[in-house]
Amino acid sequence: MAMDDSLRELYQDVILDHSRHPRHFGRLEGATHVGEGHNPLCGDRVKVYLLLDRDNRISDIKFEGKGCAISLASASLMTDMVVGRSLEEAEKLMGGFLHLVKGEDVGSDLNEDDRERLDVMAGVSAFPMRVKCATLAWHTMKSALEGGATARSE
Amino acid sequence: MSAEAKTRTPAAFDPEAARSDFEILGREIYGKPLVYLDSAASAQKPRQVLNAMREFAARDYANVHRGVHYLSAKSTEAYENAREAVRRFLNAGSNEEIVFTKGGTEAINLVASSFVAPLIQPGDEIVLSVMEHHSNIVPWHFLRERQGAVLKWVDVADDGSLDVDAVDAAIGPKTKLVAIAHMSNVLGTVTPLKEIVSRAHAKGVPVLADGCQGAVHGKVDVRDLDVDFYAITGHKLYGPTGIGALYGKRAHLKAMRPFNGGGEMIREVTRTNVTYADPPARFEAGTPPIIEAVGLEAALAYLSALDRDVVAAHENDLHAYAREQVRQFNWLRVIGDAAGKGAILSFEADGMHAHDLATILDREGVAVRAGHHCAQVLMERFDVASTTRVSFALYNTRADVDALIAALGKARDILG
């Protein structure tokens, strides 16, 4: 069966695995920062909890919500990747990620390992209608860190 | 030949022949033939509509009700002929009862702002069902926020049907309006509108029907329904976007305050005073969608030339066939199975989000709607975040259903 390659890339096993078994899923008691995101297109909501330590490192992060495979996988991957990082590093990751899913050059801010891990989401760029699904959790994390109005996946 | 003469001698309906009127159905999406199952969001337009708009714009166009020149007269005539076509389509008693709007949303907002708002004291009630589209919810929320109105929600049964007794029970001494869809855009439920109107009128309460879906799938007779207001939109009726209409009983419209202010809707303007035109002009401020009105007339003529009962039977057959076919997927749950429902099939899929499903269907050329369908209250009622919605139109065939079923199988392969 000649299955559409871009679909296979979008819904590759890593993505489906993240969406079915999201990492860091649930509520984080004692969070220092909480943000809520909303995708008005589908009504999906996500909540991101962060715990920053005294050096402004993300010592823990969790998320909860309902969503499509793309948004859940993206949130799961994000939490996996930013935990233990400084805010500056998390921001760099986010910048790279936003470029990636829009099909743009990721830039030179990220190291090889980070690029490779983010790259599983690259398939989204072939589906412009789904970019918002992929970016929702990231925008929500950012709004949580900035003190929290409801994020929209713009 | 007038459209009226055409309705007296309806042609036998042949969906394959009808398809050839819709050029877009011949195109491919990602190399696959387009299977368009999203007509409840917006229907495709036959060449008769596109040609009528083009020819009018190319030959007879000018502003309406303004100049004394030849083209202005031609345009005014065309615009008013379109109003007459809408009157006939809804079987209203008079052209003065037909107000052109931007669409169904504006028609309902007009009623909210010009008819209901002046009646509302804090605590007064609007009765509406949980399956309303946001366009028949948010205008009433405005009245709640601004004037203290109370929204009285009528639930639907688990099969999506709306019980007339439940509506009746919600109507009390403080009810100022019943606002109800003629047909649900998500569930396909056709509401017992005539009965609702008669119960509401027995208590002296007027009824607004959102007919954006209802008018597409069956004949509407506003006089037989005795409904006070009926809203339609052009683009779901195979006509253009940017135009719709509000039917309102003459006595209501005459008593209503204006909606938007501007040109066309006035009788006289001085430095200290303004007086308003009679309906329908009172509610049509500014240059109206003239070319779109011509397109709407062509769309209504197109529909009226067909035997609408045969078209409805064709659409219902497609729905029944699809309903039967999806039974093979035990991971799929249909939402809305009311008796006599229209040709809309909504479902939820186990472990598959509607957007993922719709993305995969799209790559198979199958266009469906995924999301909350501007009906978040209904989504909450059925405890789902979103659904996938398949909607049928006159140009769909059983082959479209077969393509849908095959694509659903592929989606399960990829996501399941």
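This passage looks at how chains A and B meet, how chain B is divided, and what its nonpolar core looks like. The model is a predicted one, with local features needing pLDDT of at least 70 and side-chain atom pairs counted only at pLDDT 80 or more, while totals for chains, interfaces and linings use all residues. Residues are numbered from 1 along each chain as its sequence is written, and chains are lettered from A in the order in which they are written.

Where the two chains meet, 14 residues of chain A and 16 residues of chain B take part, a contact being two residues whose C-beta atoms, placed from the backbone, lie within 7 Å. Chain A's side breaks down into eight nonpolar, two polar and four charged residues (nonpolar covers Ala, Val, Leu, Ile, Met, Phe, Trp, Tyr, Cys and Pro; charged covers Asp, Glu, Lys and Arg; the others, Gly among them, are polar).

Chain B splits into domain 1 (3-33 + 307-415) and domain 2 (51-304), with bounds taken from an automatic or database domain assignment. In chain B, 26 residues of domain 1 are in contact with 27 residues of domain 2. On the domain 1 side, helix 1 of chain B chips in the largest share, four residues (helices are DSSP runs of H or I, at least four residues, numbered from the N terminus). That side holds 11 nonpolar, seven polar and eight charged residues.

The largest nonpolar core has 166 residues, and B:Val111, B:Val178, B:Tyr230 and B:Leu404 touch the most other members. Such a core is a set of buried Ala, Val, Leu, Ile, Met, Phe, Trp, Tyr and Cys residues joined through C-beta atoms within 7 Å, buried meaning 20 or more other C-beta atoms within 10 Å of a residue's own, with C-beta atoms placed from the backbone. Helix 12 (residues 290-304) of chain B gives the most to this core, 11 residues. Both domains of chain B supply residues to the core, so it lies between them.

Key
Helices (H or I, at least four residues) and strands (E, at least two) are DSSP runs, numbered from the N terminus. A residue is buried if 20 or more other C-beta atoms lie within 10 Å of its own, exposed if 12 or fewer, and partly exposed in between; C-beta atoms are placed from the backbone.
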